[in-house]
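Me: I'm new to reading protein models, so please pick one part of this one and take me through it slowly. Start from something simple, and explain the words as you need them.

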Amino acid sequence: MSGAKKAGAPAQMPSYWKEATAELAKRDRIMRKLIAQTGDSYPAKRGDPFKTLTRSIIGQQISVKSAESIWLRFKEVCPTCSPVNVMKTGAENFLKCGLSKRKTEYVMDLAGHFRKRTVHPEKWAEMSDEEIIADLTRIRGIGRWTAEMFLIFNLHRPNVLPLDDVGLIKGISTAYFSGEPVTRMEVRELASNWQPWCTVATWYLWRSLMAIPVEY
């Protein structure tokens, strides 16, 4: 889970957000409570697709602090994170700045896909969520969860339900099942009442777990 509107750096609210929160509050009493507790909050939209995906790869399976430290060192050797500059910088320099061998390979592979245009960011606005996920998960190091986070934070898609997200599952367990484990079937059944605003419901469940959202 990640990213939020920050003090001093206003982020653009997704166009659907107010309609979505009103609908969710009307349909679901627990969601109404979570929305009221959290107040004016929504995910900050991240910018350049290549940079967003690079940061996602760097941050996989390590702490927020470690990810930020490596990202800062990454920027020292590659100040402008673009496919061309990543290829020019080269794998050896990324290894020196603390990136693992596997993640270095993933970042280089990502740059190669963008340079060869084997992914299609210029078409994503017109593509469905599942089409974009299929486009992204052909790249080494990008699984469904990373692609879903990209849909939420880069493309601001309104109806993403990341079933593999630990925070979402924990939020549902805490808010709806008194802390008891929940199955995927139960999550899907619950989420059927949130359609077509699963992204918004997911956001408020994330926020219910932590007062101050963090960046991954």
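Reply: Let's begin with a word: a helix here is a run of at least four residues that DSSP marks H or I, and the helices are numbered from the N terminus. Keep in mind that this is a predicted model.

Now a warm-up in helix α6, which covers residues 91-96. Lys-96 and Glu-92 sit 4 residues apart in that helix, which means about one helical turn separates them. Their side chains meet in a salt bridge, at 3.6 Å from N to O. Both partners are out in the open: Lys-96 is exposed at 63% relative accessibility, and Glu-92 is exposed at 57%. The cut-off for "exposed" is over 50%. The structure holds 10 salt bridges, so let's follow a couple of them to the part I want to show you, the loop between α9 and α10.

That loop runs between α9 (144-153) and α10 (166-176). One of its residues, Arg-157, makes a salt bridge with Asp-129, with N and O 2.7 Å apart. Unlike a bridge inside one helix, this pair links distant parts of the chain: Arg-157 is in the loop, Asp-129 is in helix α8, and they are 28 residues apart. Is Arg-157 buried or exposed? Arg-157 counts as buried, because its relative accessibility is 13% and the limit for buried is under 20%.

The loop has another bridge to offer. Asp-164 pairs up with Arg-184, and the closest N and O atoms are 2.2 Å apart. Arg-184 belongs to helix α11 while Asp-164 belongs to the loop between α9 and α10, so this bridge ties together parts that are 20 residues apart in sequence. Both ends are partly exposed: Arg-184 has a relative accessible area of 39%, and Asp-164 has 45%. Bridges can also share partners, and that joins Lys-101, Glu-105 and Arg-140 into one network.

Back in the loop, meet His-156. Its phi is near 55 degrees, a positive value in a residue other than glycine. Why is that worth a pause? Most residues other than glycine have a negative phi, and most peptide bonds are trans. His-156 is buried too, with 9% relative accessibility.

For a comparison, look at Arg-117, which lies in the loop between α7 (101-116) and α8 (129-136). The phi of Arg-117 is near 60 degrees, again positive in a residue other than glycine. But Arg-117 is exposed, at 62% relative accessible area, whereas His-156 is buried.

Then there's a peptide bond to check: the one from Gln-195 to Pro-196 is cis, with omega near 0 degrees. Pro-196 is found in the loop between α11 (184-191) and α12 (198-209).

Last stop, the helix leading into our loop. Glu-148 lies in helix α9 and is buried, with a relative accessible area of 4%. What is Glu-148 in contact with, leaving aside its neighbours within four places in sequence? The list is Ile-133, Val-160, Leu-161, Pro-162 and Leu-163.

So, to pull the part together: the loop between α9 and α10 holds Arg-157, bridged to Asp-129 in helix α8, and Asp-164, bridged to Arg-184 in helix α11. Buried His-156, with its positive phi, sits in that loop as well.

Technical notes
Residues numbered from 1 in each chain as written. Predicted model: local features only at pLDDT ≥ 70, side-chain atom pairs only at ≥ 80, totals over all residues. Heavy atoms only, no water. Helix = DSSP H or I, 4+ residues; strand = E, 2+ residues; numbered from the N terminus. Buried < 20%, exposed > 50% of the residue type's maximum accessible area, 1.4 Å probe, protein only. Contact = heavy atoms within 4.5 Å. Salt bridge = Lys/Arg side-chain N within 4 Å of Asp/Glu carboxyl O.
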